[in-house]
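Here is a short briefing for a first look at this protein. Keep the sequence and the structure side by side as you read.

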Amino acid sequence: MLGACSVSKHVPEGEYILNKVEVKSDDKSYDASSLKPYVRQKEAPKIFSLFRNPFSRKPVIFDTLQARLSCQDLRVAMQNQGFLQAGVSLFTTTKGKKLDAQYLLHPGEPYRIGKMTYVVDDDEVRKVLSQGDESQRLLKPGMRFSVEALDAERKRIARLLADSGYFRFNKDFIQYDADTISGEKDIDLKLHLLKYKASSNQPATDHPRYWIRQVNFLSNDSLPIHLRHQVLLNATAVKEGQPYSASDLQRTYNNFARLQAVKYTNISFSEVPDSNQVTENGMERDSISRQMDCNIQISTNKPSTIAFQPEGTNTA
């Protein structure tokens, strides 16, 4: 190899070019290759040319600190998958100025979910969640514990509430408590849905639930909206008198995006002041209900015009 053979001459004494990186497991049933992205240093691509490629990556010098951090990252990744007692061994072999690194994973036995408990501090939110299908829950006793599954359940609940009027809810209001018994591989989980806090120094209250008072169509520029009102209504999934729904909001964006006459759409919501004091159908709203106006700003393309030029022949 021309040029490539001389690279090692410039490697300082005591340092090595990282030649090969492998991630393996002492458990053949565990997919070790999926964790290779957690290794911080990768070998440089091989050059399959007799001539030096000036655009190729420089050789990677093996770094023991990066290797130790890679071991930590690999161990945390396995723990997040439920292998809480996982370990990692690093083996290196050298030949000349080149080094091969092998990360051997020791996942061990996975932990599983034992007892699963849901604790919801907000009574109204609890009622909304109780109306859902419990079979849709993503955390069940006996399944392997994983951080990914825990986060997926938080997102599922957040989506459900965001489609039920809870405009200000997010998954950070959901926390977990985990209990393990020494010598056991089961984890008892408690999902705790906290009350609403606008900020850290504000008192906790029930989560506000928002209803759509009215939908306004606004031009985003000086030009009028060149669409019939019925076309606008048909494209709007957000409906007056209904709870706010994040899915309806997304459907509205999608519907307007499919209209060729629409160039740009921006949808915002404004809370109606003191809307928890209004009455609806003769009944006073509870203290956590709010009203919002949905403002849909639309930029339309200029309407196309077709000009007809009369043609004639002069035989005179």
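**A buried threonine and its surroundings**

Thr252 is buried, as its relative accessible area is 0%. The model is predicted. The points below start from this residue, then move to the cysteines and the whole protein.

**Thr252**
- Thr252 sits in helix H5, which covers residues 246–257.
- Beyond its neighbours within four places in sequence, Thr252 touches Ala235, Thr236, Ala237 and Val238.
- Ile267 and Ile296 are also in contact with Thr252.
- Why does Thr252 count as buried? Its relative accessible area is 0%, and the term applies to values under 20%.

**Cysteines**
- Cys294 is buried, with a relative accessible area of 0%.
- Cys71 has a relative accessible area of 12%. Cys71 still counts as buried because that value is under the 20% cut-off.
- How many disulfides are there? The count is zero.

**Fold**
- The protein has five helices and 11 strands.
- Among the helices is H5, the one that holds Thr252.
- Contacts with a separation of 6 or more can be split by distance along the sequence. Of these, 64% join residues 24 or more positions apart.

**Burial and surface**
- The protein has 316 residues, and 33% of them count as buried.
- Thr252, Cys71 and Cys294 are among the buried residues.
- The exposed area of the protein is about 20,100 Å².
- Carbon and sulfur atoms supply 50% of that area.

Definitions and conventions:
Residues are numbered from 1 along each chain as its sequence is written. This is a predicted model: local features need pLDDT of at least 70, side-chain atom pairs count only at pLDDT 80 or more; totals for chains, interfaces and linings use all residues. Side-chain values use heavy atoms; hydrogens and water are left out. Helices (H or I, at least four residues) and strands (E, at least two) are DSSP runs, numbered from the N terminus. Buried means under 20% relative accessible area, exposed over 50%, partly exposed in between (1.4 Å probe, protein chains only). Contact means heavy atoms within 4.5 Å. Accessible areas come from the Shrake-Rupley method with a 1.4 Å probe; for residues, only the protein chains shown count as cover. A disulfide is a pair of cysteine sulfur atoms within 2.5 Å.
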